[in-house]
Amino acid sequence: MSSNPSKGPFVDAEPARRHIRNLMSAGVSVVRIAAAADISTAVISRALYSCNGNPPSRHLRKANADRLLAVKAADVVTGYVNSTGTRRRIQALMAKGWPQVALGRHFGCHPRYVTHLTLRSSIYGTTAANVAAAYDRLWNKEPLEHGVTLSARNWVRNYARTHEWAPPAAWDDDTIDDPHARPEWTGYCGTDRGFWTHRLQKIPGCAACNEAHEQWLTDHAHLDGKARNKLAFAQRSTAASREAELAEDGRELMRLGADYEQAAERLGVTRNHLQQAMLRHPEQLPAAA
């Protein structure tokens, strides 16, 4: 294996990084990907993970990026993999408004098979890789701009909302395939603050926040109703004020050159949460003299 890639120009690492993650979602190890691409595992690790306080590489040598993108799922995927990540990706796309008929075309399968994929505990690795690749193409696209009718989009979004399926913004690329991971709807999921953020933003409730709120009620069950309601109102108000602070912090980072994704990452919230906070708390311009 070549550990000293040829010198050359650098390119954006994101396409190669997403391709690596798609192969990993199909059960392919970093070692196997590196071997197929004939590059060092360290190159892949730097592209995927933070190291010594430094974020993942933003650029790769073009030669390395080309080698990684040339690795095809059919060449390295073997056997079956856990279907958790595939099921979450399908449900997230439906929450975005993509109906199964449209998803089947992008996955290269019959629309009925899309439902079948969400019901199985394991699927063939190449199928998982195909779904992951389609997800990368579609997660931030508006279905109406790609042939989906308004009625179909609205129906599938309502269906997903009824079933509390998390949208793409609630999932992190590093955790969506982890069976033990939970979606991060608000930036504070798993806390009572997250529970109130769900309520304030009219986001479907998630199990982690509902459990946290139930625990909060249990911890304060010794209080009379009036005292408990007063504390609950304070919790709600705190969530609202922190959301306003989040919106202002996001604007400050964007004034310094960050985009939504970068600002959300710096603030430890999802892109969707930051956008919603900024919409709910518009910038207060100084009054004219």
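**Entry 1: the whole chain**

I began with contacts, meaning heavy atoms within 4.5 Å. Of the contacts in the chain with a separation of 6 or more, 68% join residues 24 or more positions apart.

A note to myself on the source: this is a predicted model, where local features need pLDDT of at least 70, side-chain atom pairs count only at pLDDT 80 or more, and totals for chains, interfaces and linings use all residues. Residues are numbered from 1 along each chain as its sequence is written, and side-chain values use heavy atoms, with hydrogens and water left out.

Next I looked up the helices and strands, which are DSSP runs numbered from the N terminus (helices are H or I, at least four residues; strands are E, at least two). The chain has 15 helices and four strands. Its C-alpha trace spans about 70 × 50 × 40 Å along the principal axes.

I then checked burial, where buried means under 20% relative accessible area, exposed means over 50%, and partly exposed lies in between (1.4 Å probe, protein chains only). Of the 289 residues in the chain, 41% are buried. The accessible surface comes to about 16,000 Å², and carbon and sulfur atoms hold 51% of that surface. These areas come from the Shrake-Rupley method with a 1.4 Å probe; for residues, only the protein chains shown count as cover.

I also looked at charges, with Lys and Arg as positive and Asp and Glu as negative, leaving out His and the chain ends. Each charge is placed at NZ of Lys, CZ of Arg, CG of Asp or CD of Glu. The chain has 37 positive and 29 negative charges, and their mean positions are 4 Å apart.

**Entry 2: helix 4 and the cores**

Which residues of helix 4 are buried? In this helix, residues 62-69, I found Asn64, Ala65 and Leu68 buried. They sit on the same side of helix 4, because they cover an arc of only 100° around the axis. The arc is that of the directions from the helix axis to the C-beta atoms. I kept a reminder here: an α-helix has 3.6 residues a turn, so residues three or four places apart point the same way.

The cover over the buried residues of helix 4 includes strand 1 (10-12), helix 1 (14-25), helix 2 (30-37), helix 3 (41-48) and strand 2 (59-61). Leaving out residues up to four places away in sequence, Leu68 touches Ala16, His19, Ile20, Ile33, Ala37, Ile39, Ile44 and Leu60.

A nonpolar core is a set of buried Ala, Val, Leu, Ile, Met, Phe, Trp, Tyr and Cys residues joined through side-chain atoms within 4.5 Å. The largest one has 62 residues, and Leu68 is among those with the most contacts inside it, along with Ile44, Leu60, Ile90, Leu103 and Phe107. Helix 9 (residues 125-138) gives this core its largest share, six residues. Apart from it lies another core of eleven residues, among them Tyr188, Ala258, Ala263 and Leu274.

**Entry 3: helices 7 and 11**

In helix 7 (residues 100-107) I listed Ala102, Leu103, Gly104 and Phe107 as buried. What do the buried residues of helix 7 pack against? Their partners are helix 6 (84-96), helix 8 (111-119) and helix 9. Gly108, just after helix 7, takes a positive phi of about 80°.

Helix 11 (residues 192-201) is mostly covered, with nine of its ten residues buried. Among them are Phe195, Trp196 and Leu200, and also Asp192 and Arg193. Lys202, just after helix 11, takes a positive phi of about 55°.

**Entry 4: two more positive phi values**

Most residues other than glycine have a negative phi. Asp38, in the loop between helix 2 and helix 3, has a positive phi near 60°. I noted Asp38 as partly exposed, because its relative accessibility is 35%. Glu164, in the loop between helix 10 (150-162) and helix 11, has a positive phi near 55°. Glu164 is also partly exposed, at 44% relative accessibility.

**Entry 5: Met254 and Tyr260**

Met254 is in helix 13 (residues 225-255) and is partly exposed at 26%. Beyond four places in sequence, Met254 is in contact with Asp259, Tyr260, Ala263 and Met278. How far apart in space are Met254 and Tyr113? Their C-alpha atoms are 42 Å apart, with their positions 141 residues apart in sequence.

Tyr260 is in helix 14 (residues 260-267), and a relative accessible area of 27% makes it partly exposed. Beyond four places in sequence, its contacts are Met254, Arg271, Leu274, Gln275 and Met278. The C-alpha atoms of Tyr260 and Gln275 are separated by 7.6 Å, though these residues are 15 apart along the chain.
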